[in-house]
Amino acid sequence: MPAPYLVLPVALLLWLLSLRSVDLAAMNDLGLLQVLPPLYWIAVVLLTLGFWLALRDPRVRTGWLTAYLLGLIGMIHATPSLLYPTLRYSWAWKHIAVLDAMIRNDGAVPRPGGFDIYNQWPGFFVLNGLFLRVTGTESALGYAAWAPAATNALLIAPLLLLYRTFTTDRRLVWGALWVYYCCAWVGQDYFAPQAFAFLLFVTVLALVAGQLPNGGTGPGGGARPSLTPARAAPSLGRLLVVLLLEAAIVVSHQLTPLMLLCSLTALALPRRNRRAVLPALAGLLVLTGVWYSTVARPFLAANLSDFAAGLTSPEGNVVSGLAGLGAAAPGQVVVAWVDRGMSAAVILLAAAAVWRQPWVRRTGLPLLAVAPLPLLAANSYGGEMIFRVYLFALPASAFLVAALLRPGRLPALRSVTSVVVTLGLLGGLFFGYYSKENMNYFSPGEVTAARRMIALAPPGAVIVSVTGDVPGGVAEYDLHPRIQLTQESRETQQLLLADPLAGLIRATSFAEAGTPAYLILNRGQAAECYLTGVLPADTVARLGTAVDGAPRFTVVYRNDDAVVYRFVPNAA
């Protein structure tokens, strides 16, 4: 029996056994990295060794390679789902709140406040609402915790289809898949429109690339893996599927259609590709233009000045996601540099592949790898554009990295190099993906406190928090004005730091006389302040101390991880 058949079950068993001894309360600067036991890391290394052994052995069937990939996805993305008793990550909770509000209002949510963007891109939530009604499920909380693992597992199929359009080399195709999952550290795979739209994005690229002549390669010889044969003219059925997927992307997420426009435009640059690409590109232009000029028009009108400002300061967009490390926790500074180093390594390895492997220059892969760059110069996307560019370039970049590692002369040395490189990339991924888990994790006590607050607050009551790291803190957002102190003016924040009670009163001064307000303080908010440095680490504790002894503040719920206060900001 080949060794890979034994390595996989052993690695999975060690992984599951390692999760029994994890102490979540011990997380600090580096999140899960600090509390996962050595047995977990042994399982990861063993799984990596087993995969590359399986890839070298022609007797190992494709099903086993798939099982190895699913094992890697499980170790990375299912570990938090198995360890945490509640949904991970505050933005996932926010999307649960949006879905619940749309179901409660049977469509667009009135008085959405800062959540109006979801009314203009509702596709993801409409689809989930339809699923809940058809299945009779009460809430998406039942499956949202498994969204990262499920999204990455579903992504195998379009990535496999995409890579097979460029080569029939089995080792290269599956090696590229493994590299992709070793590099996808950005974390946009949770219960979110972005994850849904990215899955569709890769699928559209795979369907369009499948119609390129010779898989997107040009004429010419040279040593290269066997290429896929020339394609026939684009079929009407495939084009209709592409247009349907593009429509789903356009109505679900504001950024992904622009990334797809850039990618299809890049693929259309070589004349030989235009017959296959232009119909899909034209369809996307029409769909995007219609949607942006109708349903999404309010958002564009309100943010047009910001878009114009972004176009005039491209250098600011590039560095916006790289600034602000001075106040972060020491461990997070290390993590930021690891993330940057890993991203740079992927880019350099991909560039080296284009230089050392002439055959890849005749594919559409280099074009797809650089296609998102124009958006980096166009807008900062709240400081996240540099990470989104990396994410959308990664499917092509991962293939290029795998092409560089592909065995040629000295295959044994290349195999050792592949193991070392992918283990290094995996190490970088774990730093980026697991290091903020101290703020992404919510205890049952924090969830209970937020639910108790929403249940007690009458319609119109103001909900106040220091940061947005509250599980379910934006539930019923159409019924309650929200105040997040980290989003208040600089003057208000300075007053908050000098006199927490005075800063809180100033932030809530807009409330009508007699309107009650509810302040929630929890472990996650304190962790976010400490890890990110958005406010001093002791801000949550100081505010809690200040209101504990203040008149007009009543504790309505308290446990070890959270406390909820009721007060009337403008009482006589």
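**Helices, odd phi angles and aromatic rings**

Okay, let's start with helix α3, which runs over residues 62-83. It has 22 residues, so at 1.5 Å a residue it should span 32 Å, and its end C-alpha atoms are 30 Å apart, which agrees. Before I go on, keep in mind that this is a predicted model.

Now, where does α3 bend? Look at His77: the bend there is about 50°, and a proline, Pro80, follows within four residues.

Next up is α4. This helix has 15 residues and reaches 21 Å from its first C-alpha to its last, close to the 21 Å expected at 1.5 Å a residue. Is α4 mostly covered or mostly open? Mostly covered: 11 of its 15 residues are buried. Among them you'll find Trp93, His95, Ile96, Val98, Leu99 and Met102, and Lys94 is on that list as well. And what do those buried residues pack against? If you turn the structure around, look for α5, α6 (123-135), α7 (141-144), α10 and α22 (444-456).

Right after α4 we get to Asp106, with a positive phi near 55°. Here's some background: most residues other than glycine have a negative phi. Asp106 isn't a glycine, yet its phi is positive. Where does Asp106 sit? In the loop between α4 (90-104) and α5 (116-120). With a relative accessible area of 60%, Asp106 is exposed, since the cut-off for exposed is over 50%.

Staying in the loop between α4 and α5, we also meet Arg111. Arg111 isn't a glycine either, and it has a positive phi of about 50°. Is Arg111 buried or exposed? Its relative accessibility is 59%, so it counts as exposed.

Okay, on to the rings. How many aromatic pairs does the structure hold? There are 31 of them. Let me show you Phe51 and Tyr68, an edge-to-face pair with 6.3 Å centre to centre and 65° between the planes. Phe51 belongs to helix α2 (residues 38-56) and Tyr68 to helix α3, so this pair ties together parts that are 17 residues apart in sequence. Both Phe51 and Tyr68 are buried.

Another pair to find on your screen is Tyr89 with Tyr190. These rings are also edge-to-face, at 4.7 Å centre to centre with 85° between the planes. Tyr89 is in the loop between α3 and α4, while Tyr190 is in the loop between α9 (170-183) and α10 (193-209), so the pair links parts that are 101 residues apart in sequence. How covered are the two partners? Tyr89 is partly exposed, with a relative accessible area of 22%. For Tyr190 the relative accessible area is 9%, so that one is buried, because buried means under 20%.

Rings can also gather in groups. Which residues form one aromatic cluster? They are Phe115, Tyr118, Phe124, Phe125, Phe131, Tyr143, Phe191, Phe196 and Tyr477.

Last thing from me: two arginines over tryptophan rings. Arg340 lies over the face of Trp337, at 4.5 Å from the ring centre. Arg356 lies over the face of Trp355, and there the distance from the ring centre is 5.8 Å.

Key. Residues numbered from 1 in each chain as written. Predicted model: local features only at pLDDT ≥ 70, side-chain atom pairs only at ≥ 80, totals over all residues. Heavy atoms only, no water. Helix = DSSP H or I, 4+ residues; strand = E, 2+ residues; numbered from the N terminus. Expected span 1.5 Å × (residues − 1). Bend = angle between axes of the 7 residues up to and from the residue. Buried < 20%, exposed > 50% of the residue type's maximum accessible area, 1.4 Å probe, protein only. Phe/Tyr/Trp six-rings, centres within 6.5 Å; stacked < 30°, edge-to-face > 60°. Lys NZ or Arg CZ within 6 Å of the ring centre and 35° of its normal. Contact = heavy atoms within 4.5 Å.
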